[in-house]
Amino acid sequence: MLDVDALLADPGVRIVVCCGSGGVGKTTTAAALALRAAEEHGRKTVVLTIDPARRLAQSLGLTELDNTPRPVEGLSGDGDLHAMMLDMKRTFDEVVLTHTAPERAKEIFTNPFYQAMSSTFSGTQEYMAMEKLSQLRATDRWDLIVVDTPPSRSALDFLDAPARLGRFLDGKMLRLLMVPARAGGKSMFNLVTASFGVFSKAVQKILGAQLLTDLSGFVSALDSTFGGFRERADRTYRVLQDPQTAFLVVAAPEPDAVREAAYFAERLGAERMPLAGLVLNRVHRSELPELSAADSAEAAEKLSAEHAEHALTAQALQVHALLMRQVARETEVSTGFTDEFPQVPVAYVPAQPTDVHDLAGLRAIGAALAERAE
């Protein structure tokens, strides 16, 4: 069994990353973990969501979340809790301002290619998530950082983003495109050889002359910053492999969600990332497990046929039979994961009667996690 309280109380654990497929309660789990760390263990905690859904803000009693940590009110205990949501473009702008002279930063911000890349370029969100995580960790303001990642397999794209962006920035085409800008802004076609002129004309036909100019200027303007990007991302990647980080895979007892959980577990193992355990959400349990579905259904049928005055009891037995069948299905599904990964501890969170939408609901989730660990 996964001892969640021991994990949250451990001062050596400074980052908890929640990953999993969509619709399994991952955001709620991240918020509940952060709240419990603050209230029960007195830790200064911040929860960072990369998922643009507003559920986290609502459950924490906040009207909105943005790129700045906002304090959560109404906590008990000695800790404190802040929450924030990644703003990809703003984070990119902050990095540029920190590592570039003001004049050069202004040039970068007005470049059309930068404007597109900082908002929509594939991998930028995941890369900026690592940047923000690195910023939070570097301040030493927080005892614990809880990261709520995007749903599905893209949640692990932040592990690949630095290498992928590095390959893009180091690509031969971009190195060639940087040549004219380094030469003082003269025409590309007057500065390079005839062979490169043929190449550039071909690229111009594909991209268009203006886009080619924007791209060349963008690469040149950020040239001195790219190396710093990669170095910081590599450092953050190594932090994610360190024992100070704990990955929690969140799933529901459904075939697709458990298959995704198995994918996450395999991938984290391959990347040597510290997998702390599996949180299995919305699990159904019966207070009368010794009464099987078959026996319950048989008794309900007999009562309905022979004792009409016990119709209500018969209905209750039918409901119990349905519940026990669901419990059997969920157990079979979850056993597929535990058999494949017997070394991964599991915490079970029972299905809640209503959606979690406030601090009281988050406390109930946190308490359920702790009870299952005892």
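**Pocket and helix packing**

By class, 9 nonpolar, 13 polar and 5 charged residues make up the lining of the largest pocket. The model is predicted. This briefing covers that pocket, then three helix pairs: α4 with α5, α4 with α6, and α14 with α16.

**The largest pocket**

- Its volume is about 510 Å³.
- The lining counts 27 residues, and the closest to the pocket centre are G25, T28, R282, D355 and V356.
- Four elements each give at least two lining residues: α2 (26–41), α3 (55–59), β7 (275–283) and β8 (346–350).
- α2 supplies the largest share of the lining, with 5 residues.

**α4 with α5**

- Helix α4 spans residues 88–99, and helix α5 spans residues 102–109.
- The two pack at an angle of about 150°, and their axes lie 8 Å apart.
- Angles over 145 degrees count as roughly antiparallel, so α4 is roughly antiparallel to α5.
- Their crossing is right-handed.
- On the α4 side, the contact uses D93, V96 and L97; on the α5 side, it uses A105, I108 and F109.
- These contact residues divide into 5 nonpolar, no polar and 1 charged.

**α4 with α6**

- Helix α6 covers residues 112–120.
- α4 and α6 pack at an angle of about 125°, with axes 7 Å apart.
- An angle of about 125° falls outside the ranges for roughly parallel, antiparallel and perpendicular, so this pair is oblique.
- α4 passes α6 in a right-handed crossing.
- From α4, the residues in contact are M88, K89, F92, D93 and V96.
- From α6, they are Y114, M117, S118, S119 and T120.
- The contact of α4 with α6 holds 5 nonpolar, 3 polar and 2 charged residues.
- D93 and V96 of α4 take part in the contact with α5 and also in the contact with α6.

**α14 with α16**

- Helix α14 runs over residues 255–270, and helix α16 over residues 311–340.
- They pack at an angle of about 15°, with their axes 9 Å apart.
- Angles under 35 degrees count as roughly parallel, so α14 and α16 are roughly parallel to each other.
- The crossing of α14 past α16 is right-handed.
- α14 brings P255, V258, A261, A262, A265 and E266 to the contact, where they meet V333, F337 and E340 of α16.
- By class, the contact of α14 with α16 has 7 nonpolar, no polar and 2 charged residues.

How values were computed
Residues are numbered from 1 along each chain as its sequence is written. This is a predicted model: local features need pLDDT of at least 70, side-chain atom pairs count only at pLDDT 80 or more; totals for chains, interfaces and linings use all residues. Side-chain values use heavy atoms; hydrogens and water are left out. Axes are lines fitted to C-alpha atoms, for helices over the stretch in contact, and angles run from 0 to 180 degrees between N-to-C directions. Angles under 35 degrees count as roughly parallel, over 145 as roughly antiparallel, 65 to 115 as roughly perpendicular and the rest as oblique. A crossing is left-handed if the near helix is turned anticlockwise from the far one by less than a right angle, and right-handed if clockwise. Contact means heavy atoms within 4.5 Å. Ala, Val, Leu, Ile, Met, Phe, Trp, Tyr, Cys and Pro count as nonpolar, Asp, Glu, Lys and Arg as charged, and the others, Gly among them, as polar. On a 1 Å grid over the protein atoms alone, a cavity is a set of points where a 1.4 Å probe fits but cannot get out, and a pocket is an open set with protein on both sides within 12 Å along at least five of seven lines; lining residues have an atom within 4 Å of a point. Grid points are joined across faces, edges and corners, and a volume is the space filled by probe spheres set on the points.
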